[in-house]
Amino acid sequence: MIRVDAVDVGAVLARLSVDPPPGLRAFPVEGPEALTGPQIAAIWAEELGRDVTCAGDDNDRWEPALRRGLTGAEMELFVKVYRLMPKARMPVSKKRLAITTELLGRPPRTYRDYVRRRVQELRRQGSAEPGPGPREAAG
């Protein structure tokens, strides 16, 4: 799954709202890598310095994590999306990545960049046990 940092999405939207390229109607915003669930868990484990496992296709393992942070329609949407994700394999497109890089004026951030920033934020907030939240854990 291709991960895109929300910071990059915001930066592209801010740029386009101030200085849109002529004729641009649609544009991709793509992260620099496609990661599997086990790769995502490994990144969290490395950044946290403790074991993190990927629940993968085991709905009984990841749904409770989502239910701790989500309810109602938002929860049901996430369940549908996370059940479909293992079936949707999409490689990073060099063309879309080049467009994203051009729109940002720099390479897009990696998923590890996001995780490192998130762990630092949680530690600054004094979380006793920082780790992936429900949305990140299901990845």
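How many salt bridges does the count come to in this structure? The count comes to nine salt bridges. The model is a predicted one, and the account below moves from the overall fold to the charged pairs and then to two loop residues.

**Overall architecture**

The protein chain contains seven helices and zero strands. Read from the N terminus, its elements follow the order α-α-α-α-α-α-α. The C-alpha trace spans about 50 × 35 × 30 Å along its principal axes. The protein chain has 139 residues, of which 32% count as buried. Its exposed area is about 8700 Å², and carbon and sulfur atoms contribute 55% of that area.

Among contacts with a separation of 6 or more, 72% join residues that are 24 or more positions apart. As for charge, the protein chain carries 23 positive and 19 negative charges, and the mean positions of these two sets lie 3 Å apart.

**Salt bridges between separate parts of the chain**

Side chains of opposite charge can pair when their charged atoms come close. Three of the pairs are set out here, with the separation of their N and O atoms.

| Pair | N to O separation |
|---|---|
| R117 and D5 | 3.0 Å |
| D8 and R109 | 3.5 Å |
| E46 and R112 | 2.7 Å |

The side chains of R117 and D5 form a salt bridge. R117 belongs to helix α6 (residues 111–124) and D5 to the segment before α1 (6–18), so this pair ties together parts that are 112 residues apart in sequence. With a relative accessibility of 22%, R117 is partly exposed, whereas D5 is buried at 5%.

D8 is joined to R109 by a salt bridge. Because D8 lies in helix α1 and R109 in the loop between α5 (94–104) and α6, the pair connects parts that are 101 residues apart in sequence. D8 is buried, its relative accessibility being 1%, while R109 is partly exposed at 29%.

A salt bridge also joins E46 to R112. This pair links distant parts of the chain, with E46 in helix α2 (residues 37–48) and R112 in helix α6, 66 residues apart. E46 is exposed, with a relative accessible area of 53%, and R112 is partly exposed at 23%.

Which residues are linked with E46 and R112 in a network of salt bridges? The network comprises E46, E47, R112 and R116.

**Two loop residues**

S93 is placed in the loop between α4 (72–84) and α5. Is S93 buried or exposed? S93 is buried, with a relative accessible area of 17%. A polar atom of the S93 side chain lies 3.1 Å from the backbone nitrogen of R96.

D58 is found in the loop between α2 and α3 (59–69). D58 is partly exposed, with a relative accessible area of 32%. The C-alpha atoms of D58 and R83 are separated by 9.5 Å, and these residues are 25 positions apart along the chain.

Key: Residues are numbered from 1 along each chain as its sequence is written. This is a predicted model: local features need pLDDT of at least 70, side-chain atom pairs count only at pLDDT 80 or more; totals for chains, interfaces and linings use all residues. Side-chain values use heavy atoms; hydrogens and water are left out. A salt bridge is a side-chain nitrogen of Lys or Arg within 4 Å of a carboxyl oxygen of Asp or Glu. Helices (H or I, at least four residues) and strands (E, at least two) are DSSP runs, numbered from the N terminus. Buried means under 20% relative accessible area, exposed over 50%, partly exposed in between (1.4 Å probe, protein chains only). A polar contact is a pair of N or O atoms within 3.5 Å; within protein, one must be able to donate a hydrogen and the other to accept it, and residues adjacent in sequence count only if both atoms are side-chain atoms. Contact means heavy atoms within 4.5 Å. Accessible areas come from the Shrake-Rupley method with a 1.4 Å probe; for residues, only the protein chains shown count as cover. Lys and Arg count as positive and Asp and Glu as negative; His and the chain ends are not counted. The place of a charge is taken as NZ of Lys, CZ of Arg, CG of Asp or CD of Glu.
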